[in-house]
Amino acid sequence: MQASRARLFKEYKEVQREKVADPDIQLVCDDTNIFKWTALIKGPSETPYEGGVFQLAFAVPEPYPLQPPQVRFLTKIFHPNVHFKTGEICLDILKNAWSPAWTLQSVCRAIIALMAHPEPDSPLNCDSGNLLRSGDVRGFNSMARMYTRLAAMPKKG
Amino acid sequence: MDDEYMNYEEEDENYSLDDDEQEDENYNEAEVDVEQVTSTKSTSQVITKKSLVAAQKESLVRVMELLSVKENQARTLLIYYQWNVDKLLSVYIDQGKDQMFSCAGLTVFDPSLVTSKKTMNCDVCMEDDLPSDVMTRMECGHSFCNDCWKEHFTVRINEGESKRILCMAHKCKAICDEDVVRKLVSPELAEKYDRFLIESYVEDNKMVKWCPSIPHCGSAIRKIEDDDVVEVECSCGLQFCFSCLSESHSPCSCLMWKLWKKKCVDESETVNWITVNTKLCPKCYKPISKQDGCNLMTCKCGQHFCWLCGEATGASHTVQSIAGHSCGRYKDDKVRQMERAKRDLDRYTHYHYRYKAHTDSLKLEDKLRKSILEKAVSNAETKDQLVFKEYSWVIDAVNRLFRSRRILSYSYPFAFYMFGEELFKDEMSDEEREMKKNLFEDQQQQLEGNVEKLSKILEEPFDEYDHEKVVDMKRHLNNLSNAVDNLCKKMYECIENELLGPIQFGIHNIAPYRSKGIEQATEFCAEICQTSDCGSSGSS
């Protein structure tokens, strides 16, 4: 069996075991393809994303874990390091700082951390980055909260 | 223009009319002297495929002896410090061994990380209870199973990252031990890995560059001294600029030449694609395309820049360093640029026409050289006088012709950029520009007139001439060669003192004028080879 497949099975088992331990992350493997995963992550508290549930799509490459998985947001999110249209994420560990010791689960944790601590100095969403860079935290928060309400929360009534 | 030329001829004629033979001898002696001086002062060497290992070894041995480290450690250090032994040593003195080692990704062995457990876990494949003999611990202390290491090395080598294969652990900056890599990967891959390590000596070394010949001759050129811009000739015959690796282009600066070439290729599809999809790095001017990620770009050369405006920024791309960017600001200039475009095109056509005319003449170089050589040889075979037997004077003149014609042809793109607005718009006032342009064009015209004259005399059927007439022709050629040489020298002086000298933001270094033509690199011979040679000759 391929190394990547074997490793993904291990991760799958691990995920089943840890489900209760980390209620913020819900990783699901595609029924027919172990290289496709989706995750639901909860917006971290005390951020404009609080209360939202965001969906991530994982595409795992053949040489995984030697190469990082490709991850993007399926849920629209207003965040300096996430492309507003494509959901692409600018995160060092998904690019050159990747290490095979990372797992899909730990990638989710890193993304949650990124949501709580945006890096406005390397923006993928310039409008969002500029708001933070110019010190308009209030403007940023209200924009981000609006999109969280619109896209990441169940519609009321 | 003609007047100028006549002046030269008359002066020289008066000077050398009386005793031809003596003058000739002096001339030849002078030539020989210059030859000797330049050959002893060779500043570049050719490193062939065979001597590459020896050349690398030279640096390795120096570091191994000075720091008493193993060969693989020396190599890792040198790759990190780009084969600059002096820089490495200064870091060693300033910051100490530990700091230098950890920067380069070498860790000093730490026995406390050794575990005595019989079975271990591999964090990559997540297998538990692996016997310790299928695990390998790197010097940084991280252990993973051999299968995972092997996969990791294979992927990295195939991705062309042989030179810096990092440990698999998160945030661990340690470089994997060469010997472990070689032991674990397949023999073919180990070979590839070794090749990358050896070639690093050229790829990462500021002082060594591959000869840009196509097809590649396999050699690299090493500069002995870290001087400014030079042009060299490889043993394969190719003359190129050591800075930008394109064909020799003095008196154009590398940037001028690059812009000119790009302009000349015109609107081919490739150029279109490159203009639309890439931005030039503000430091090394390589075109860069963006695939994904944020707008902070990092070029291979280490320069950071903003993708939106293309301007250089700091690594952190902070609020401060991005200030002053005109990112996103509409420029009124664009409109005026359109109007200027037509005038620019006319200008370009003017310079390009002249550049092309001389370049085309150069293309006939081989043919002319051959036909002149034939005439000279047939003279030497059939006639007795010294001037026929010893025909280096005509060959010298041919070489002078091509050398100066090359300079002449490149002086047109130089003038195009020097007096255009693309590069030096704010560097001088309009009057100043006009004045300098006239000065330069005068010199250019003088040179051009003399080069054409030289070319015309060389085409004379001197194999049909009698002795007197050939002596006369020789004298003419000598005088003209000297005149052309002087004019080239003067033109370079003018460029250096009047034109590029006062430019404030100078990245426009040009290779200096060399009367004897572009320097030929000498063959590299490693000291190791030499000593082994000595040994063998001593025993025989």
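A residue counts as buried if 20 or more other C-beta atoms lie within 10 Å of its own. The exercises below use this predicted model.

**Exercise 1. Decide how covered helix H4 of chain B is, and name what covers it.**

Step 1. Locate the helix. H4(B) spans residues 71–80.

Step 2. Apply the cut-off. Eight of the 10 residues of H4(B) are buried, so the helix is mostly covered under the threshold of 20 or more C-beta neighbours.

Step 3. List the buried residues. They are B:Gln73, B:Ala74, B:Arg75, B:Thr76, B:Leu77, B:Leu78, B:Ile79 and B:Tyr80.

Step 4. Find their partners. The buried residues of H4(B) pack against four helices of chain B: H3, H5 (85–104), H7 (178–184) and H8 (187–203).

Step 5. Look past the end of the helix. Just after H4(B), B:Gln82 has a positive phi of about 50 degrees.

**Exercise 2. Classify the packing of H3 against H4 in chain B.**

Step 1. Choose the descriptors. Two packed helices are described by the angle between their axes and the distance between the axes.

Step 2. Read off both values. Helix H3 (residues 49–67) and H4 of chain B pack at about 110 degrees, and their axes are 9 Å apart.

Step 3. Compare with the classes. Angles of 65 to 115 degrees count as roughly perpendicular. Therefore H3(B) is roughly perpendicular to H4(B).

Step 4. Identify the contact residues. H3(B) contributes B:Ser59, B:Leu60, B:Val63 and B:Met64. From H4(B) come B:Glu71, B:Ala74, B:Arg75, B:Leu77 and B:Leu78.

Step 5. Sort them by class. The H3(B)–H4(B) contact has six nonpolar, one polar and two charged residues.

**Exercise 3. Work out the strand order and pairing of the sheet in chain A.**

Step 1. Take stock of the elements. Chain A holds four helices and four strands. From the N terminus, they run α-β-β-β-β-α-α-α.

Step 2. Order the strands. The four form an open sheet, S1-S2-S3-S4, with antiparallel pairing.

Step 3. Find the edges. Strands S1 (25–29) and S4 (70–73) of chain A each pair on one side only. From one strand to the next, the twist averages 20 degrees.

Step 4. Examine one pair. S1(A) and strand S2 (residues 36–42) of chain A run antiparallel and are joined by five bridges. A hairpin of six residues connects S1(A) to S2(A). Within this pairing, A:Cys29 has A:Trp37 in S2(A) as its bridge partner.

**Exercise 4. Is the annotated residue A:Cys90 buried or exposed?**

Step 1. Check the record. UniProt, in an unreviewed entry, lists A:Cys90 under "active site".

Step 2. Place the residue. A:Cys90 sits in the loop between S4 and helix H2 (104–116) of chain A.

Step 3. Count neighbours. A:Cys90 has 22 C-beta neighbours inside 10 Å, so this residue counts as buried.

Step 4. Set this against the chain. Buried residues make up 39% of the 157 residues in chain A.

Step 5. Add the contact range. Among chain A contacts between residues at least 6 apart in sequence, 53% join residues at least 24 apart.

**Exercise 5. Describe the contact between chains A and B.**

Step 1. Count each side. Chain A gives 20 residues and chain B gives 20 residues.

Step 2. Find the main contributor in chain B. Helix H6 (residues 146–158) of chain B supplies the largest share of that side, four residues.

Step 3. Sort the side of chain B by class. It has nine nonpolar, seven polar and four charged residues.

Key
Residues numbered from 1 in each chain as written. Chains lettered and ligands numbered in written order. Predicted model: local features only at pLDDT ≥ 70, side-chain atom pairs only at ≥ 80, totals over all residues. Pairing = 2+ DSSP bridges. Helix = DSSP H or I, 4+ residues; strand = E, 2+ residues; numbered from the N terminus. Axes fitted to C-alpha atoms, helices over the stretch in contact; angles between N-to-C directions. Contact = placed C-beta atoms within 7 Å. Nonpolar A, V, L, I, M, F, W, Y, C, P; charged D, E, K, R; others polar. Parallel < 35°, antiparallel > 145°, perpendicular 65-115°, else oblique. UniProt positions renumbered as here; feature names shortened; annotations may be inferred. Buried ≥ 20, exposed ≤ 12 C-beta atoms within 10 Å, placed from the backbone.
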